[in-house]
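Here are a few exercises to work through with the model open in front of you. Try each one yourself, then read on for the steps.

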Amino acid sequence: MTQQKNGLVKSGGTQEKRRGHRAEAVRSWLAYYGNLAISLTCIIVVWYLAAHWVDDSFKFPMIEDILGKMGYALGDMYVWRSLAITMRRVTVGVFWGAVIGFPIGAAMGFSKLAMYTLAPFINSLRQIPTMSWVPLAVVWFGLGDGPTIFIIAFQATFNVLLATVGAVQEISPDYYNAARSMGASGWGTVTDVVFPSSMAGLVTGLRVSIGSAWGAVV
C-alpha cells in the first residue's frame with residue numbers, strides 16, 4: 001500500500017509539473033504575441049495620425065491606402081508566383097551555402113592545420129563586398145536565377161562557416177577525451193562529437209543566412 005501511495009504521489013507531482021510547464025508556455029506565447037500586437041497597433045495609430053497631419057500622400061502615404069494595396073496584392077496570382085520564385089532562390093542558395101560552409105567550418109574548428117591553411121583564403125574572400133561579385137556572377141551564370149542563387153550561396157557560406165567554427169571550438173575537451181577513452185578513432189570523434197555538437201552553429205548560421213538572403217535577392 002505504501003508503495004502504491006508513493007507511486008500515486010509521484011505521478012501526481014509529474015502531472016502538476018507538466019501542467020505548470022504548459023501554463024508557462026502559454027503565458028510566454030501570449031506575452032510575446034500580445035506585445036507584438038500592441039507594438040503593431042501603436043505603429044499603425046502613429047502612422048495614421050502623422051499621415052493625416054502631413055496630408056500629402058506623395059510625401060507620407062496614408063496607412064489605409066497601404067493596407068488596401070496590400071490586400072489587393074494578396075489577391076493577385078502574379079505576386080504569389082513572384083514570391084514562389086524568390087523563395088526558391090533563397091532556399092536553393094542557403095542550401096548550397098550550408099552544404100559548402102558546414103563541412104569547411106567543422107574542419108577549421110576541429111583541425112588547427114585546416115584553420116591555418118584555409119583561414120587566409122577565407123578571410124580574403126570574406127572582405128570582398130558581395131555586390132562586387134554581381135558582374136562576374138552574370139558572366140558566369142547568365143541572366144536568370146543563377147546570379148541571385150550564387151550571391152545568396154556566397155553570403156550563406158561564410159555565415160554558416162563562421163558559426164560552425166565557433167560552435168566546434170566551444171566543444172569541451174572532456175567530450176573528446178570521453179570518445180577516445182571508449183576507443184573512438186579520429187573519424188569516429190568527428191562523427192560522434194564534432195558533427196552533433198556543431199548543429200547549434202549550423203542552425204545559427206542558417207538563421208543569419210536566411211535573413212541576409214532577402215537583401216541579396218533584390
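**Exercise 1.** In which helix is Val 194 found? Work out how covered Val 194 is, too.

Before you start, note that the model is predicted, with local features needing pLDDT of at least 70, side-chain atom pairs counting only at pLDDT 80 or more, and totals for chains, interfaces and linings using all residues. Residues are numbered from 1 along each chain as its sequence is written, and side-chain values use heavy atoms, leaving out hydrogens and water.

*Step 1.* Look at residues 186-197: that's helix H8, and Val 194 is in it. Helices here are DSSP runs of H or I with at least four residues, strands are E runs of at least two, and numbering goes from the N terminus.

*Step 2.* Check the cover. Val 194 has 0% relative accessibility, so it counts as buried. The cut-offs are under 20% relative accessible area for buried, over 50% for exposed, and partly exposed in between, using a 1.4 Å probe and protein chains only.

*Step 3.* Find its partners. Skipping neighbours within four places in sequence, Val 194 is in contact with Ala 106, Phe 110, Val 168, Ile 171, Tyr 176 and Thr 189. Contact means heavy atoms within 4.5 Å.

*Step 4.* Now pick a far-off residue: Asp 65 sits 129 residues away along the chain, and the two C-alpha atoms are separated by 53 Å.

**Exercise 2.** Is Phe 195 buried, partly exposed or exposed?

*Step 1.* Phe 195 also belongs to helix H8.

*Step 2.* Its relative accessibility is 27%, so Phe 195 counts as partly exposed.

*Step 3.* Leave out residues up to four places away in sequence, and Phe 195 touches Phe 102, Ala 106 and Val 190. Take Ala 106: it is 89 residues from Phe 195 along the chain, yet their C-alpha atoms are 7.3 Å apart.

**Exercise 3.** How many of the residues of H6 are buried?

*Step 1.* Trace H6 through residues 145-169, which makes 25 residues. From first C-alpha to last, H6 reaches 36 Å, close to the expected 36 Å at 1.5 Å a residue. That expectation is 1.5 Å times one less than the number of residues.

*Step 2.* Count the cover: 19 of the 25 residues are buried, so H6 is largely enclosed by the rest of the structure.

*Step 3.* Zoom in on Thr 164, which has its place in H6. Thr 164 is buried, at a relative accessible area of 0%. Setting aside residues up to four places away in sequence, Thr 164 touches Phe 102, Gly 105, Ala 106, Ser 198, Gly 201 and Leu 202.

**Exercise 4.** Which residues does Ser 212 touch, not counting those up to four places away in sequence?

*Step 1.* Go to helix H9, residues 199-217, where Ser 212 has its place.

*Step 2.* Ser 212 touches Gln 155 and Asn 159. At 25% relative accessibility, Ser 212 counts as partly exposed.

*Step 3.* Try Val 160 as well: 52 residues separate it from Ser 212 in sequence, and 12 Å in space, C-alpha to C-alpha.

**Exercise 5.** Which residues form a nonpolar patch on the surface?

*Step 1.* The members are Val 26, Trp 29, Leu 30, Tyr 32, Tyr 33, Leu 36, Leu 40, Ile 43 and Trp 47. Patch residues have over 30% relative accessible area and no salt bridge; like charges are joined within 9 Å, and nonpolar side chains (Val, Leu, Ile, Met, Phe, Trp, Tyr) within 5 Å. A salt bridge puts a side-chain nitrogen of Lys or Arg within 4 Å of a carboxyl oxygen of Asp or Glu.

*Step 2.* Together they have about 930 Å² of accessible area, from the Shrake-Rupley method with a 1.4 Å probe, where only the protein chains shown count as cover for residues.

*Step 3.* Place two members: Trp 29 is in helix H1, residues 2-54, and Leu 36 lies in H1 as well. Leu 36 is partly exposed at 38%.
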